[in-house]
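Here are some notes for a colleague who is opening this structure for the first time. Please read them with the sequence and the model side by side.

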Amino acid sequence: MIDGIETPTWDASSLPADDNVNPYAFSIALAGEWFVSKGAMIAYYGNVEFAGVSQYASRASWVAARFSSPLYASEWVVAAGQGKVIVADRGYDVNSYDLDEGNLTIKQTNLLGFQTSLELKQSIVPGFVTLIGTGKFLASSNGPVIFVEPPFRADPDALLGWADCPSPSQHYDHHWMAQSFMAGIQGMFGRESGEERQYDFTGAGTVLMQSSEQLRVDGALMKLVESQTNLLDAQSAGALGHRLVQRSQQQ
Amino acid sequence: MARLTANKKVLLADVAGTTVRAMSGSMVAYQGQVEFKSAGMGGGGGFRAAIRQRVAGESISLMECTGNGRVHLAYQAQDVTVINVQNDTVTVESEHILAVAGELKLDVQFAGLRGMTTGQGLATTKVMGSGQLGIVSDGPLIGLEVVPGQPLVVDPDAYVAGLGNLQMSLVSGVSWRSLVGDGGGEPFSLRFEGHGRVYIQPAER
């Protein structure tokens, strides 16, 4: 006999349909297709098939129209079939949001899944993606999500995303700006003392914040930054490489 | 007799001239007269268990807490659950075992080729007998029933424990993380059939 485990128990029919199992896990009632982040699925009941986005796109042409980010295609799968799929992320809070003829930009590593009625596009801000249209999506946050109205300045680490149309720009404290150009470059590569750099939001909309953030490695982000180094000439690329080597040796 | 009590993220182990086996290095405080020493080979399971673990890659490192007093055990601020076992068997991933009290035997159960790539262990740890088992999980446990005709598929990195009459098998067709190329992922999933219950955590190890 075994007892003492007080946690609630579920089965395929008692699991919530498109609702939270607990604050840290969400149960998708799958009847058709969902886009799901690769690392997010932790269990499922039923007849569910998972296929890579690019793999699935070769079978169903609509996928390419909905998922227009080749950069992240390898980080996402299409879950297709009937059943209940449980998603979670590092024990973070998981919440579902409904988008109604709207747009929302979110940190890619915090987006866990979205309905195929939504369209995903890569944001101009590296590491962020934009969802457009009507439908449900799932996002994780370290601690509860805080909603703020612009004008507002956010710490990049705690920024989760933004909805509607506030326009983000980078803000630097003026004493930082006054320093040499080289110091600015170094800052861009992370050699900064802390809070000099912020995202500045103006316009109408909502900014989503989380209470803290442990960075998760975003494989696509590296590819993105690497592709942008094409903008540099050979000499500056060499200098950048040198600086990056120095940085990795310091850590 | 030694007694385990869960207090959110801390496990309280009361010993009165008795012994509790606990995860090495998990003691955060103690009251009274308690001595700590390595439980020896195979987490106290003996030579045979040690050999099997070496083969299976299922590692467990326990210490013996003996004396009179109360030991506070914790691991990375994870949630603690105490399972009371009465002449029964529980299967638990070894790295989730925080403490073992009473007449419980630990052994290794082979599960095929599972975890070949992650080093997640070829096997899980079987806990048999009567006593108490303290386990940790990253976030609250989620219990999922398995009944005939309703199989369950679980990410090996989220699997914590299982009980009842379960058959565990590997599914390789479905992959959780590494469908295309990059990313050292987990190409296998665990499929449970039969009659029993599986506990998972809302995070991946």
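1. A salt bridge is taken here as a side-chain nitrogen of Lys or Arg within 4 Å of a carboxyl oxygen of Asp or Glu. With that cut-off in mind, and remembering that this is a predicted model, the reader should note that the count between chain B and chain A is 0 salt bridges.

2. Polar contacts give another count, since 12 residue pairs, both at pLDDT 80 or more, are in polar contact between chain B and chain A. On the side of chain B that touches chain A, the elements that give two or more residues are β5 (79-92), β8 (142-146), β9 (152-154) and β11 (189-200) of chain B. The largest share of that side, 10 residues, comes from β5(B). By residue class, the side of chain B that touches chain A divides into 22 nonpolar, 9 polar and 8 charged residues.

3. How many residues of each chain are in contact? Chain B contributes 39 residues, which are in contact with 36 residues of chain A. The size of an interface is often given as the accessible area lost when the parts come together. Between chain B and chain A the buried area is about 3,100 Å², and carbon and sulfur atoms give 61% of that area.

4. Strand pairing also crosses between the chains, as strand β1 (residues 2-3) of chain A is joined to β5(B) by 2 bridges, with the two strands running antiparallel. Within this pairing, I2(A) stands opposite V85(B), a residue of β5(B).

5. Inside chain A, strand β10 (residues 118-122) has pairings with two strands that deserve a careful look. Strand β6 (residues 67-68) of chain A runs parallel to β10(A) and is joined to it by 2 bridges, and F67(A) stands opposite L120(A) in β10(A). Strand β11 (residues 128-141) of chain A, in contrast, runs antiparallel to β10(A), with 5 bridges joining them; here the bridge partner of K121(A) is T130(A) in β11(A).

6. β10(A) and β11(A) form a hairpin, with 5 residues between the two strands. In the turn, G127(A) has a positive phi of about 90°.

7. Which parts of chain A have the lowest and the highest confidence? The mean is lowest, at 55, in helix α3 (residues 174-178) of chain A, and highest, at 94, in strand β9 (residues 111-115) of chain A. Over the whole of chain A the average pLDDT is 83, and 86% of the residues score at least 70. Where pLDDT is low, the predicted coordinates should not be read in detail.

Methods. Residues are numbered from 1 along each chain as its sequence is written. Chains are lettered from A and ligands numbered from 1 in the order in which they are written. Side-chain values use heavy atoms; hydrogens and water are left out. Contact means heavy atoms within 4.5 Å. Buried area is the accessible area (1.4 Å probe) that two parts lose on being put together, summed over both. A polar contact is a pair of N or O atoms within 3.5 Å; within protein, one must be able to donate a hydrogen and the other to accept it, and residues adjacent in sequence count only if both atoms are side-chain atoms. Helices (H or I, at least four residues) and strands (E, at least two) are DSSP runs, numbered from the N terminus. Ala, Val, Leu, Ile, Met, Phe, Trp, Tyr, Cys and Pro count as nonpolar, Asp, Glu, Lys and Arg as charged, and the others, Gly among them, as polar. Two strands pair if DSSP finds at least two bridges between them. pLDDT is the predictor's confidence in each residue, from 0 to 100.
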